[in-house]
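Dear colleague,

I am handing over the structure we spoke about, and below it you will find notes on what turned up when I went through it. Please read them with the structure open beside you.

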Amino acid sequence: MPREVEDVENRGVKDRARQSYSSSSYVIEDSEAQWTSWLVPMVVVANVGVFLVVMFVNNCPKHNSRIEGKCEARFLGRFSFQPLKENPLFGPSSSTLEKRGALDWAKVVHKHQGWRLFTCIWLHAGAIHLVANMLSLVFIGIRIEQQFGFVRVGIIYLLSGFGGSILSSLFIRKNISVGASGALFGLLGAMLSELITNWTIYTNKVAALLTLLVIIAINLGIGILPHVDNFAHIGGFLTGFLIGFVLMPRPRLGGWSNQIFLLVFTVALVMLFRGENGNDHCHWCHYLSCVPTSRWHCEEN
């Protein structure tokens, strides 16, 4: 780690000499300093704040056409939710999300609104979506920030969200996408690469690896359901996995992972802004985001 980065992060360090870190199956054999987690709580507060602003602007009682029914939780006034038939996650309308920065392929490519690749990770489709993502962020992010510091966690979170947005845009064109899931999957990917590269300093190695793989598999499995953007999950996970090899090891091992990361990002961005459709190059990839069954169809996923 560069000296200047160490100096910045050390302001939040709490010494814990001769103590070992443990979290479920994870036990690190060497002693090290533990950072105080403040960035992850601030990200949670920011996401909640953005959601409240979006709900304030949405103003269901004023803008609801009543075609889908009455607003939910009307006692909340302009913070009340769209009818459940329109948004079952207790949130704003899709038009409000689109206006506030949701990921929309047409606007990113044809109207040159590339900023949506970042803004979409701060928006959520509803209160249920927000709570689920923020609980996951607290559970995963605080552990990583305590161990590796806020600089590395912040880089992984933002770039993974960006990577998830790129892959989502390459494969999903008809619908908008919002949520921090890509960034969260990036943290999971970074945890996996960190475990692999720091294998020798862990006890209960196999148990730790299996636990992490099961968590990843379950969450990716949920992504094959309709109305879930699994491409954002996969893109975020792969981004975090590659960045983890650069930022997480003790000692750091840059090299090949850094080059692969830059190459993949560059190719994906070129394909996106050239208007390439990922489905033209991978005819089975749509099954990664939705698997049709007798109970649902995937055309409108």
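**What was found**

At 0% relative accessibility, S193 counts as buried. Please keep in mind throughout that this is a predicted model. S193 sits in helix α9, which covers residues 181–197, and, leaving aside residues up to four places away in sequence, S193 touches G240, F241, G244 and F245. The burial of S193 fits its surroundings, since 15 of the 17 residues of α9 are buried, so this helix is largely enclosed by the rest of the structure. The length of α9 also agrees with expectation, because at 1.5 Å a residue its 17 residues should span 24 Å, and its end C-alpha atoms are 24 Å apart.

**Helix α2 and its two sides**

Helix α2 runs over residues 39–58, and its 20 residues, at 1.5 Å each, should span 28 Å, which agrees with the 28 Å between its end C-alpha atoms. Where do the buried residues of α2 fall when it is seen down its axis? They fall within an arc of 155°, so they line one face of the helix. An α-helix has 3.6 residues a turn, so residues three or four places apart point the same way. The buried residues of α2 are L39, V40, V43, V44, N47, F51, V54, M55 and N58, and what covers them includes α3 (60–63), α4 (94–99), α7 (127–148) and α8 (150–171).

V44, in helix α2, can serve as an example from the buried side, for at 16% relative accessibility it lies under the 20% limit and therefore counts as buried. Not counting residues up to four places away in sequence, V44 touches M134, L137 and V138. V44 and M134 are 90 residues apart in sequence, yet their C-alpha atoms are 6.0 Å apart in space.

The face of α2 turned away from its buried side carries the exposed residues V45 and V53. F56 lies in α2 as well, and with a relative accessible area of 39% F56 is partly exposed. F56 contributes to a nonpolar surface patch of about 560 Å², which is made by V48, L52, F56, F75, L76 and F79. Just after α2, N59 takes a positive phi of about 45°.

**Salt bridges**

How many salt bridges does a search of the whole structure find? The search finds three. The side chains of K107 and E98 meet in one of them, at 2.5 Å from N to O, and K107 also forms a salt bridge with D104, where the closest N and O atoms are 3.8 Å apart. E98, D104 and K107 are thus linked in a network of salt bridges. Within this network, K107 is buried at 17% relative accessibility and D104 is buried at 10%, whereas E98, at 24%, counts as partly exposed.

There is also a salt bridge between E276 and R274, with the closest N and O atoms 3.8 Å apart. Here E276 is partly exposed, with a relative accessible area of 22%, while R274 is exposed, with a relative accessible area of 64%.

With kind regards

Methods
Residues numbered from 1 in each chain as written. Predicted model: local features only at pLDDT ≥ 70, side-chain atom pairs only at ≥ 80, totals over all residues. Heavy atoms only, no water. Patch = residues over 30% accessible without salt bridge, like charges linked within 9 Å, V, L, I, M, F, W, Y side chains within 5 Å. Areas by Shrake-Rupley, 256 points an atom, 1.4 Å probe, with all protein chains shown as cover. Salt bridge = Lys/Arg side-chain N within 4 Å of Asp/Glu carboxyl O. Helix = DSSP H or I, 4+ residues; strand = E, 2+ residues; numbered from the N terminus. Buried < 20%, exposed > 50% of the residue type's maximum accessible area, 1.4 Å probe, protein only. Expected span 1.5 Å × (residues − 1). Arc of directions from axis to C-beta. Contact = heavy atoms within 4.5 Å.
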